[in-house]
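Trainee: Could you take me through one part of this model in detail, the sheet that brings the two chains together? I'd be glad of a connected account that starts from a small piece and works outward.

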Amino acid sequence: MGWSRTHTERAAALLSSLLLSACVATPNAVEAPRLGQAVDGAALARQQLNVFPDGRGLPPGRGTVSEGAALFARHCAACHGKDARGGSAEELAGATRPLNTPAADKTIGSYWPYATTLFDFIRRAKPMTAPGTLNADEVYALSAWLLHINGVVGADAVMDARTLPAVRMPNRDGFIRIEAE
Amino acid sequence: MPRQRPDLHTLPEVAGGGLLDRRLFLRRGLALATAAAAAETQAADELPWLHTPGAPFTPYGQPSSHERLTARRIGANRAVAGNGVSFTPLEELEGIITPNGLHFERHHNGVPQIDPARHRLVVHGLVRQALSFDVKSLLRYPMRSQMLFIECGGNSNAGWHGEPIQRSAGSVHGLLSCAEWTGVPLSILLDEAGVDAGASWVIAEGADAGAMNMSIPLTKIRDDCLIGLYQNGERLRPENGYPMRLIVPGWEGVLHVKWLQRLEVTDQPVMSRNETSKYTELQPSGKARQFTFTMDCKSLITSPSHGQTLPRPDVYQVSGLAWSGHGRIRRVEVSADGGKSWADAALESPALPRCLTRFRIPWRWDGKPAVLKSRATDEHGNLQPERAALVAERGRAGYFHYNAIVAWAVEDDGLVTHTY
């Protein structure tokens, strides 16, 4: 903008900004007491559970398909079935009816768009009776086994912070964003 | 001069099937029948409460023991009792406010019993300074109150079934409640932390067993979201998020994260389990709708409704609820002939944006089979669709965001059932 304000314009701008701040219906930060306390970065990192599709938020560690099979049998099979095809809890694998048919199977392999969601959800919510107690290696292993029984990765797959976000899920492009860019 | 009572049996109809002018309600002394059974009358000298002292004070009031059937209907996982829903009994209630003890619930792994002295809300991510707020501090911030409905994205999902489900209105459509929510505008806390340029999402996380997380666009958060601390004047109840929950006006219930403990400001959604494998709607094409945040324009007749009985041909009050996540309800029409003709219902004040609105219209039932329907229009012109139109557009595998017209069949014996 190649123009400079006159004194009158500056005064008018100042006045209108004062009026504006006096008139806003919602109290703004200036009026708030500002009681938030600074957070220690290390503590924050320990509590942070969000894992993004690009792998941001994934911790160090690694797990294999065979380790995951044993963990699933111990912690998950009672509800999800021994082959993860469903029980009192939902089916996670074994889809036979495609998404464009009636009563389609919405499993990890057929429906979930991102592999990182597995880590995010298992770490925070599983097992049901003691959520948040599995370590990173165990969560990577369970992710590996679930991806394997869904035919997404091979039996020798190793999941870690590098390999998990690199997995391309079969239904990656199956979603239409309605109210988000 | 006393107003003359109109003869309800000679008044002209305003639509087929016996619907009468909505303004009849404004005439004083006009008593309309309801489907609820009348109480037996008793001589006053036999009434014990007239002759013995009553109970002493109680510190916190409870409903009458005679109203114990006005209760939430619980649908929980047998294997994990804290995983399920409880429905608000909409047909048992009047007005628009849901009593706090009857507000619907959806829990994944039980109701945490949180000590407010040990609870913190952390705001971090793309901010100048990550901040932590304890509950006492938040109670000192400027607050705002707003009457708003909350509706689960999965409410009414039995409507996708091929056959109409035969359950009470609240047991099908009662993942819907309305309250006055009071809390701190979230924009205040974000301003205090200082949001970085490039931020566009906020990921909210609860402190339940499972720490459920959901992504919400930053524009919505800044526009009108609250940290909810009070519900209908009292602090939130544990099952509704004590000590604090997110309030996201007009958007699906799962975003109103209960037991809120963390807000991560980011440049992208986290793609959590609940926003990918759940709360996405599979279409006949095989593609799924995702990030369908706004609850669409909708209405429901609560009286008469499924399971109730009209005792005899008479003039009844048809009453129900309308709502739209897009804004204010502008119009509700009622049909007594299965949708062939429609009449405008009266909208009761207040008719607030993103809040339940009560509608009423008198209806003269002649004792013959009838089908009652209601359809709402909001201030943006969104019209509640017929079921056939919704199913034609979305298929039947969407599971979430069902907002089609609900139809009640009245049989010749007065019994009301669910029909399509």
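Mentor: Happy to! Let's begin with a hairpin: S4(B) and S5(B) form one, with five residues between them. This is a predicted model, so please read what follows in that light. The two strands of the hairpin are antiparallel, and four bridges hold the pairing. One of the positions to look at is Val123(B), whose bridge partner in S5(B) is Leu131(B).

Now step from S5(B) across to chain A. S1(A) pairs with S5(B), again in the antiparallel sense, over two bridges. Here you will find Gln37(A) opposite Ser132(B) of S5(B).

With those pairs in place, the whole sheet can be read off. It is an open sheet of six strands with mixed pairing, and the order is S1(A)-S5(B)-S4(B)-S13(B)-S8(B)-S9(B). At its edges lie strand S1 (37-38) of chain A and strand S9 (213-217) of chain B, each of which pairs on one side only. Helix H3 (residues 186-193) of chain B packs on this sheet, where it touches strand S4 (120-125), strand S5 (131-134) and strand S13 (260-266) of chain B. The direction of that helix makes about 140° with that of S5(B). At the S9(B) edge, strand S8 (residues 201-206) of chain B runs antiparallel to S9(B), and five bridges join them. Within this pair, Trp201(B) has Pro217(B) of S9(B) as its bridge partner.

Since the sheet includes strands from both chains, it is worth turning to the interface itself. In it, 46 residues of chain A are in contact with 61 residues of chain B. Together the chains bury about 4600 Å², with 57% of that on carbon and sulfur atoms. On the chain A side, Leu35(A), Met128(A) and Glu179(A) supply 13% of the area buried against chain B, more than any other three residues.

Charged pairs appear there too: four salt bridges are found across the interface of chain A and chain B. If you want one to display, try Asp267(B) with Arg56(A), whose side chains meet at 3.1 Å, N to O. Over all chains, the structure holds 29 salt bridges. Another example is the pair of Arg358(B) and Glu94(B), at 3.4 Å, N to O. This pair links distant parts of the chain, 264 residues apart: Arg358(B) is in strand S21 (residues 357-365) of chain B, and Glu94(B) is in the loop between strand S2 (84-87) and strand S3 (105-107) of chain B.

Chain B has another sheet for you to set beside the one we started from. This open sheet has five strands in the order S19-S18-S22-S23-S24, with antiparallel pairing. Strand S19 (343-344) and strand S24 (416-419) of chain B are its edges, each pairing on one side only. Inside it, strand S22 (residues 370-378) and strand S23 (residues 407-410) of chain B are antiparallel over four bridges, and Val371(B) stands opposite Ala409(B) of S23(B).

Finally, a helix pair in chain A: helix H3 (residues 65-75) and helix H7 (residues 136-149) of chain A pack with their axes 7 Å apart, at an angle of about 95°. That angle makes H3(A) roughly perpendicular to H7(A). Among the residues making the contact are Leu71(A) and Phe72(A) of H3(A), along with Leu142(A) and Trp145(A) of H7(A). By class, this contact has nine nonpolar, two polar and two charged residues.

Terms used: Residues are numbered from 1 along each chain as its sequence is written. Chains are lettered from A and ligands numbered from 1 in the order in which they are written. This is a predicted model: local features need pLDDT of at least 70, side-chain atom pairs count only at pLDDT 80 or more; totals for chains, interfaces and linings use all residues. Side-chain values use heavy atoms; hydrogens and water are left out. Axes are lines fitted to C-alpha atoms, for helices over the stretch in contact, and angles run from 0 to 180 degrees between N-to-C directions. Angles under 35 degrees count as roughly parallel, over 145 as roughly antiparallel, 65 to 115 as roughly perpendicular and the rest as oblique. Contact means heavy atoms within 4.5 Å. Ala, Val, Leu, Ile, Met, Phe, Trp, Tyr, Cys and Pro count as nonpolar, Asp, Glu, Lys and Arg as charged, and the others, Gly among them, as polar. Two strands pair if DSSP finds at least two bridges between them. Buried area is the accessible area (1.4 Å probe) that two parts lose on being put together, summed over both.
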